[in-house]
Amino acid sequence: MRLTLLFVLALFACEGGAPAPSAAPAAPPAPAHAPAHAPADIQPGSHADWCGEHAVPESQCTRCDAALIPAFQATGDWCAEHGLPESQCLQCNPDLKIERPPKEG
Ligand SMILES: [Zn+2]
Ligand SMILES: [Zn+2]
């Protein structure tokens, strides 16, 4: 009967004590303020396509996604000195203004 006793104890251990977390949430609830980074499935060029951390469209943010860099380099839009697309390099282009697209609707 030792096995049965262990089984009962195991059950008790699971249900007693600190409240067991129910199914762990897959993701934390969305924050009330705008997230710093856009989700991956965002429409490029939309209001939501914006990297709040680097103040450029998320779909063109080479600092968040290094895989974008070759595409900029291929078009010659690349500042090797600062490691940024020339079109995003405020150090070379202090007057540059990258505006967030307006919210639709
Ligand atoms: Zn970024
Ligand atoms: Zn530069």
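Q: Let me start with the yardstick: a residue is buried if 20 or more other C-beta atoms lie within 10 Å of its own, exposed if 12 or fewer, and partly exposed in between. What share of the residues in the chain is buried?

A: Keep in mind that this is a predicted model. Of the 105 residues in the chain, 12% are buried.

Q: And what does the secondary structure of the chain come to?

A: It comes to 2 helices and 0 strands. The helices are α1, covering 2-15, and α2, covering 69-74.

Q: How do I read contacts by their separation along the chain? What percentage of those between residues at least 6 apart joins residues at least 24 apart?

A: Sort the contacts by how far apart the partners sit in sequence. Here, 19% of the contacts between residues at least 6 apart join residues at least 24 apart.

Q: Next, the core. Which residues make up the largest nonpolar core?

A: The general idea is that in soluble globular proteins, nonpolar side chains tend to be buried together. In this chain the largest nonpolar core has 5 residues: Ala38, Trp50, Cys51, Val56 and Cys61.

Q: Let's pick one member. Where is Cys51, and why does Cys51 count as buried?

A: Look for Cys51 in the loop between α1 and α2. Cys51 counts as buried because it has 20 C-beta neighbours inside 10 Å, and the cut-off is 20 or more.

Q: Which residues is Cys51 in contact with, leaving aside neighbours within four places in sequence?

A: Cys51 is in contact with His37, Ala38, Val56, Pro57, Glu58, Cys61 and Cys64. As for the backbone, the C-alpha atoms of Cys51 and Ala36 are separated by 6.0 Å, with their positions 15 residues apart along the chain. Ala38, another core member, touches Ala48, Asp49, Trp50, Cys51 and Glu58, not counting residues up to four places away.

Q: On to backbone angles. What is notable about the phi of Ala55?

A: As a rule, most residues other than glycine have a negative phi. Ala55 has a positive value, near 55°. You'll find Ala55 in the loop between α1 and α2, and Ala55 counts as partly exposed because it has 14 C-beta neighbours inside 10 Å.

Q: What about helix α2: which C-alpha separation goes with Ile69 and Leu84?

A: Ile69 is found in helix α2, and its C-alpha lies 8.2 Å from that of Leu84, 15 residues away along the chain. With 15 C-beta neighbours inside 10 Å, Ile69 counts as partly exposed.

Q: And past the helix: which residues is Glu86 in contact with, leaving aside neighbours within four places?

A: Glu86, in the segment after α2, is in contact with Asp77, Trp78, Cys79 and Cys92. Glu86 is partly exposed because 17 other C-beta atoms lie within 10 Å. The C-alpha atoms of Glu86 and Leu96, 10 residues apart along the chain, are separated by 9.9 Å.

Q: Is Ser87 buried, exposed or partly exposed?

A: Ser87 is partly exposed, with 16 other C-beta atoms within 10 Å. Ser87 lies in the segment after α2, and its C-alpha is separated by 6.5 Å from that of Asp77, 10 residues away along the chain.

Methods
Residues numbered from 1 in each chain as written. Chains lettered and ligands numbered in written order. Predicted model: local features only at pLDDT ≥ 70, side-chain atom pairs only at ≥ 80, totals over all residues. Core = buried A, V, L, I, M, F, W, Y, C linked by C-beta atoms within 7 Å. Contact = placed C-beta atoms within 7 Å.
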